[in-house]
Amino acid sequence: MKYKSQKVAQAYFICAMALFGIQVLGGLLAGWVYISPNFLSELLPFNIIRMIHTNALIVWLLLGFFGAAYFLIPEESEREIYSVKLAYLQLIILMVGTLGAVGSYLVGIHGGREFLEQPLWVKFGILVAALIFLFNISMTVLAGKKTAITNVLLMGLWLLSLLWIFAFINPDNLSLDKMYWWFVVHLWVEATWELVMASILAFLLLKLTGVDREVVEKWLYVIVATALFSGILGTGHHFYWIGLPGYWQWVGSIFSTFEVIPFFLMMSFAFVMVWKGRKNHPNKAALLWSLGASTVAFFGAGVWGFLHTLHGVNFYSHGTQITAAHGHLSFYGAYVALNLAMFTYAMPMLRNREPYNQVLNMASFWLMTGGMAFMTFVLTFAGTIQTHMQRVVGDYYMDVQDGLTLFYIMRFGAGAAVVVGALLFIYSLLVVRKREIITPGAANPALGG
């Protein structure tokens with residue numbers, strides 16, 4: 001760790017991991033409700049469990065992005081963060097807002113819009129925190145060295161924050177409401193978050209492989225161009241059936257087909273950088289997570305997204321378990337695994353230790369990735385049956401759900417593996433083994449780079 005202000009990233013990462021634990025446990029609970037629908041139905045209804053599961057996911061990923069920015073931007077800009085106090089204030093606002101939102105959900109207070117259920121005061125809190133972050137990071141970069149990684153990261157985070165304004169727009173017209181809603185949800189995860197992902201992945205591979213910066217930057221700009229080209233008009237695949245003009249069926253189908261390209265490029269980029277790399281970095285777990293993130297993102301966001309993005313297919317499949325299969329694998333690969341890669345790389349430095357508990361960390365990767373892959377296959381088969389029985393044959397929804405119970409049991413087992421892997425990951429980063437403790441201030445050559 002070269003700069004003292006990078007220490008602020010540790011607080012963000014620890015808060016993110018706490019919410020990560022809550023998120024996966026909430027997901028496991030929701031998975032059990034699919035098997036036993038009346039479980040906790042009066043005490044904690046399914047819609048509240050689902051809100052906590054999805055909102056915790058979004059918030060901890062954002063905390064991971066913010067923490068990653070506070071860790072990598074000082075190194076890239078070659079200067080300390082503009083204000084450490086503002087960074088901690090931002091974290092406090094986000095955590096108070098998160099706890100307030102969860103408390104509101106538990107007593108039945110929520111906005112009712114999926115993913116944007118937060119009460120109005122929480123939405124304003126998130127906006128204030130985002131503005132603090134943008135000011136803090138922009139002042140740091142403007143006063144320091146500019147690189148392609150910081151430029152792309154800043155572009156992604158600025159656009160991410162600006163798009164949040166659409167969360168406040170809730171028109172009475174349902175078609176307009178869903179259109180503005182997708183401006184946040186789609187343009188976050190399939191445009192601006194991709195820029196953040198590409199820049200963090202570029203930073204990790206630069207440090208872990210030792211490849212020349214010029215090579216990394218060329219790849220980065222190509223990935224960014226394809227992500228924005230495909231992602232913006234690719235929003236149209238959400239406009240098929242919400243009352244917007246019919247031309248969106250063609251625009252959405254064509255441009256969302258191109259959305260496979262940036263994820264394929266990111267996967268290729270990761271493996272080419274490792275192949276060209278000259279550096280034998282000691283943190284093998286961070287490299288595994290980086291390669292795993294780019295690979296699973298290609299299959300989850302790219303391949304599984306393409307499976308049901310064409311409007312002729314989507315007419316039958318939208319809103320089925322096929323959507324859930326795509327959503328779980330794409331979020332896990334593109335953003336969960338990437339954040340965990342950053343945590344794995346940065347936490348040893350932030351805590352002044354060698355890369356530690358690497359075997360446990362890598363075991364957690366295979367547990368989570370294997371569990372998520374099995375869950376995806378199970379949900380894909382369940383969704384295919386659901387599509388045929390419900391949308392083609394015309395059977396009643398609940399009759400079809402009863403017929404999918406075996407798949408839901410298998411999905412619950414896969415979810416249990418993911419939860420065990422997540423808890424093992426958190427343990428591997430936070431618990432020190434005595435023989436790995438380094439005297440504070442002692443030189444540690446293993447942490448170079």
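Let us start at Glu78, which is partly exposed, with a relative accessible area of 49%. That value falls short of the exposed class, because exposed means over 50%. Glu78 sits in the loop between α2 and α3, and its phi is near 60°, a positive value in a residue other than glycine. Bear in mind as you look around that this is a predicted model.

A second residue invites a similar look. Leu40 is found in the loop between α1 (8-35) and α2. Here too a residue other than glycine has a positive phi, near 55°. With a relative accessible area of 30%, Leu40 is partly exposed.

From these loops, step into helix α2 itself, which covers residues 46-77. Trp60 lies in this helix. Is Trp60 buried or exposed? Its relative accessible area is 0%, so Trp60 counts as buried. If you leave out residues up to four places away in sequence, Trp60 touches Ala16, Leu19, Phe20, Gln23, Val336, Asn339, Leu340 and Phe343. For a sense of distance, the C-alpha atoms of Trp60 and Phe115 are 14 Å apart in space, while the two residues are 55 apart in sequence.

Further along α2 we come to charged side chains. Side chains of opposite charge can pair when their charged atoms come close. The structure holds five salt bridges, and we can walk through some of them. One joins the side chains of Glu75 and Lys207, at 3.0 Å from N to O. Glu75 belongs to helix α2 and Lys207 to helix α6 (residues 174-209), so this pair ties together parts that are 132 residues apart in sequence. Both partners, Glu75 and Lys207, are buried.

Next, look at Glu76, whose side chain meets that of Arg213 in a salt bridge of 2.8 Å, N to O. Because Arg213 lies in helix α7 (residues 213-234) and Glu76 in helix α2, the bridge ties together parts 137 residues apart in sequence. How do the two ends of this bridge sit with respect to the surface? Glu76 is buried, with a relative accessible area of 2%, whereas Arg213 counts as partly exposed at 24% relative accessibility.

Helix α6 takes part in another bridge as well. The side chains of Asp177 and Arg113 meet at 2.8 Å, N to O. This pair links distant parts of the chain, with Asp177 in helix α6 and Arg113 in the loop between α3 (84-106) and α4 (120-142), 64 residues apart. Asp177 and Arg113 are each buried.

Follow the chain on into helix α4, where you will find Phe135. Phe135 has a relative accessible area of 40% and is therefore partly exposed. Leaving aside its neighbours within four places in sequence, Phe135 is in contact with Tyr82 and Leu86. Its C-alpha atom is separated by 30 Å from that of His53, which is 82 residues away along the chain.

Now turn to helix α13, residues 358-393, where a small calculation is worth doing. What span should its 36 residues have at 1.5 Å a residue? The expected value is 52 Å, since the span is counted as 1.5 Å times one less than the number of residues. The end C-alpha atoms are 51 Å apart, which agrees. Just after α13 comes Gly394, which takes a positive phi of about 95°.

Helix α13 also brings us to the surface. A nonpolar patch of about 600 Å² is made there by Trp241, Phe315, Tyr316, Ile385, Met389, Val392 and Val393. The largest share, four residues, comes from α13, and α11 (311-317) and α13 each supply at least two residues. Met389, which lies in helix α13, counts as partly exposed at 31% relative accessibility. That is sufficient for Met389 to join the patch, because patch residues need over 30% relative accessible area.

Finally, step back to the domains. The domain assignment of the protein gives domain 1 (1-146) and domain 2 (199-433). Taken over C-alpha atoms, their centres are separated by 19 Å. The contact between them takes 30 residues from domain 1 and 35 residues from domain 2.

Conventions: Residues are numbered from 1 along each chain as its sequence is written. This is a predicted model: local features need pLDDT of at least 70, side-chain atom pairs count only at pLDDT 80 or more; totals for chains, interfaces and linings use all residues. Side-chain values use heavy atoms; hydrogens and water are left out. A salt bridge is a side-chain nitrogen of Lys or Arg within 4 Å of a carboxyl oxygen of Asp or Glu. Buried means under 20% relative accessible area, exposed over 50%, partly exposed in between (1.4 Å probe, protein chains only). Patches are made of residues with over 30% relative accessible area and no salt bridge: like charges are joined within 9 Å, nonpolar side chains (Val, Leu, Ile, Met, Phe, Trp, Tyr) within 5 Å. Accessible areas come from the Shrake-Rupley method with a 1.4 Å probe; for residues, only the protein chains shown count as cover. Domain bounds come from an automatic or database domain assignment. Contact means heavy atoms within 4.5 Å.
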